[in-house]
Amino acid sequence: MRTPARHMRLITWRSLATAATAALLATFLTPAVAQSSAPRESAPVYSYDNAVRESVWVDTGLDGDSDGRTDRVAVDIVRPSEPAQQGRKVPVIMDASPYYSCCGRGNESQLKTYDADGDVVQMPLYYDNYFVPRGYAFVGVDLAGTNRSDGCVDVGGRSDVQSAKAVVDWLNGRGKGYTSRTGSTKAKAGWTNGRTGMIGKSYDGTIANGVAATGVEGLETIVPIAAISSWYDYYFAQGAPLYDSGPEWLSDYVESPEARARCAAVQQKLVDGAPRTGDWTRLWTERDYVKDVRKVDASVFVIHGMQDLNVRTKHFGQWWDGLAKNGVDRKIWLSQTGHVDPFDFRRAEWADTLHRWFDHELLGYDNGVDDAPMADIERAPDQWVTSDTWPPRSTSAVKLRPGKGEQAGVGTLSTRTGSGTETFTDDPGRGESDWAAEADRSTSAKAGFITKPLTRDVRLSGSSKVTVTATPTTSSAHLSAVLVDLGPDTIRDYAASGEGISTLTDRTCWGPSTTGDSSCYRQTQARTTDVDHTVFSRGWADLGNHASDQGAPLTPGKAYTITLDLHASDHVVPAGHRLALIVAGTDQGLIDPPASTPTLTLDLSRTSASVPLVGGAAAFARATSGSSYITPDAILDGVGEPRTTHRVPGGSTR
């Protein structure tokens with residue numbers, strides 16, 4: 001539902017835009033087409049060959065590198081030449097990135113290239129090729145400290161966000177731009193109406209989230225793809241470290257060589273502000289966009305892979321929940337892939353949907369995209385379903401409880417309160433794939449709890465929570481909890497190279513090309529694997545963070561209660577399959593182990609999972625009303641071990 005203020009502005013804009021665009025298309029289209037009452041789709045009527053290519057340096061107002069002058073960020077622009085010649089102004093699609101020179105964008109790791117005058121020749125990705133002929137400008141912003149920009153990379157902090165926000169301000173006549181990095185000749189954005197949409201995958205989409213959370217005027221929509229919503233949650237999970245390094249490593253990785261030489265002080269601030277203890281600090285507060293979600297006035301089109309083990313799905317889940325609470329216009333696509341762009345898992349449908357989205361949000365076209373289902377969800381490889389709302393309105397939290405089984409560590413999962421205890425010992429050499437494969441076996445490394453075979457499909461939609469009461473034998477302990485679908489399936493192989501896609505040799509083209517900037521990209525197809533189980537939601541925590549976001553040593557032999565946030569998903573456990581909750585220690589490759597190797601005893605009467613079920617408790621009761629199940633003694637095949645965790649959100653790490 002749109003906020004009233006934005007709704008009124010959009011009504012006014014659409015009435016003006018409809019008249020303007022009807023007149024525009026009447027100039028270029030045949031009389032039969034021009035007589036239609038209003039356009040529903042922007043057409044490629046402008047010349048890409050003759051597009052204006054220029055560079056501007058926008059003043060951020062910050063002096064991140066402490067050189068005595070405010071930082072300027074490089075803004076490379078590709079825009080159609082005809083509208084300005086005819087006195088018309090165009091909207092902007094922007095991708096602000098740290099990767100334009102160090103790491104590349106997209107599946108083919110494209111970099112910006114320049115001509116002898118310093119104007120951009122190759123703009124990575126297809127956005128300029130496709131949208132510039134349709135009456136949009138495309139703007140590629142080098143974040144501070146990268147490529148041709150001043151300043152320092154601060155990994156999602158004030159400088160990163162201001163790098164892009166300052167450009168939105170400049171596009172709307174509020175900021176200062178210059179024709180060179182050090183000169184005094186000012187540049188104006190008189191060719192644009194200021195209406196801006198930000199897009200980008202991973203780090204780029206993260207910056208879009210951060211800019212939207214400032215509430216900057218002129219930012220009409222964002223399209224964050226596999227994006228971070230809180231940088232703490234990129235590096236830690238409730239105190240448990242997800243990587244063996246912090247944001248200083250990433251800053252050093254993406255910075256230009258000259259920035260790296262002058263940004264030691266900023267690097268040190270990142271080290272000091274992000275201790276590997278996992279404690280929450282002011283550094284993380286600055287990089288938490290969820291806390292400012294109430295300021296978001298732009299519409300949001302979220303795309304995320306439900307098996308993304310780089311930017312994990314907690315990021316879109318908490319961002320989405322905040323957007324919903326604040327009535328932000330929103331849409332979502334959820335794929336079965338890992339960290340993959342929709343251009344590489346659903347190309348034609350993506351280009352069409354994105355086109356309609358930007359036409360609606362930036363040109364004001366009444367094309368029905370806002371009346372389409374809110375969510376597209378990949379239920380099986382290349383098989384998609386829709387939901388009018390997400391999660392569906394009939395979804396409610398159902399408390400599932402573990403119970404003792406006939407074997408140690410192989411218990412039951414139902415709505416009945418359990419009793420007794422289960423014990424496991426942390427084994428840092430094993431992880432969720434191992435636990436799920438041995439769900440029906442008594443093993444020392446995990447405690448598993450399993451439903452009867454379902455008599456009906458059960459759909460979980462949203463974010464789950466698992467509350468655990470555990471007694472450790474040592475002063476430190478990490479916990480993992482995963483939800484598993486036990487049953488045969490064919491899924492995208494998210495743990496393999498490509499994270500669910502294979503890249504082919506033939507190409508498809510998405511707009512006109514020039515000698516230096518091709519619109520043609522290698523096609524992809526789903527990379528699949530047959531499995532006997534699927535881990536579809538996961539969460540981790542340091543038990544020492546049971547009382548707050550500041551960790552503390554544990555007292556061996558004392559019971560502690562902590563609630564783990566499991567990551568958002570949308571998954572159907574089919575009839576005949578079983579749903580499992582597994583609780584264990586270190587999830588190999590996904591969190592780092594604790595300092596000690598604890599044995600933990602779970603109090604089953606004080607352990608439970610709150611899961612979002614479509615149809616609520618009644619749906620679960622109907623699906624589990626069948627006969628009891630005899631536990632087989634079998635190994636259940638799944639995907640391979642998760643690949644070594646990324647430390648670069650969206651860089652060319654494949």
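This passage describes aromatic pairs, charges over rings, internal cavities and one buried aspartate in a predicted model.

A pair of aromatic rings is described by the distance of the centres and the angle of the planes. In the model, 28 aromatic pairs were found. In one of them, formed by Phe 236 and Trp 284, the ring centres are 6.1 Å apart and the planes meet at 80°; because this angle is over 60 degrees, the pair is classed as edge-to-face. The two residues come from distant parts of the chain, 48 residues apart: Phe 236 belongs to strand β10 (residues 236–237) and Trp 284 to helix α11 (residues 282–286). Both Phe 236 and Trp 284 are buried.

A further pair is made by Phe 301 and Trp 350, with centres 5.7 Å apart. The planes of Phe 301 and Trp 350 stand at 50°, so this pair is tilted. Here too distant parts of the chain are linked, since Phe 301 lies in strand β12 (residues 299–305) and Trp 350 in helix α13 (residues 347–363), 49 residues apart. Phe 301 has a relative accessibility of 0% and therefore counts as buried. Trp 350, also at 0% relative accessibility, is likewise buried.The ring of Phe 301 also has a charged partner: the charged end of Lys 331 sits over it, 5.9 Å from the ring centre. A second such arrangement involves Arg 346, whose charged end sits over the ring of Trp 384 at 4.1 Å from its centre.

Ring pairs also join residues into a cluster, made up of Tyr 126, Tyr 127, Tyr 130, Phe 131, Tyr 136, Phe 138, Phe 343, Phe 358, Trp 510 and Tyr 521. Two members of this cluster, Phe 343 and Tyr 521, also appear in the lining of the largest cavity.

Eight cavities of 30 Å³ or more were counted in the model. The largest cavity has a volume of about 130 Å³. Its lining consists of 14 residues, and those nearest the centre of the cavity are Gly 106, Asn 107, Leu 125, Phe 343 and Tyr 521. By residue class, the lining of the largest cavity contains six charged, five nonpolar and three polar residues.

A buried charged residue was examined separately. Asp 76 is located in strand β2 (residues 72–79). With a relative accessibility of 0%, Asp 76 falls under the 20% limit and so counts as buried. The side chain of Asp 76 takes part in polar contacts with two side chains, that of Ser 55 at 2.7 Å and that of Arg 148 at 2.8 Å.

Terms used:
Residues numbered from 1 in each chain as written. Predicted model: local features only at pLDDT ≥ 70, side-chain atom pairs only at ≥ 80, totals over all residues. Heavy atoms only, no water. Phe/Tyr/Trp six-rings, centres within 6.5 Å; stacked < 30°, edge-to-face > 60°. Helix = DSSP H or I, 4+ residues; strand = E, 2+ residues; numbered from the N terminus. Buried < 20%, exposed > 50% of the residue type's maximum accessible area, 1.4 Å probe, protein only. Lys NZ or Arg CZ within 6 Å of the ring centre and 35° of its normal. 1 Å grid on protein atoms, 1.4 Å probe; cavity = no way out; pocket = protein on both sides within 12 Å on 5 of 7 lines; lining within 4 Å. Points joined across faces, edges and corners; volume = space filled by probe spheres on them. Nonpolar A, V, L, I, M, F, W, Y, C, P; charged D, E, K, R; others polar. Polar contact = N/O pair within 3.5 Å; in protein donor to acceptor, adjacent residues only side chain to side chain.
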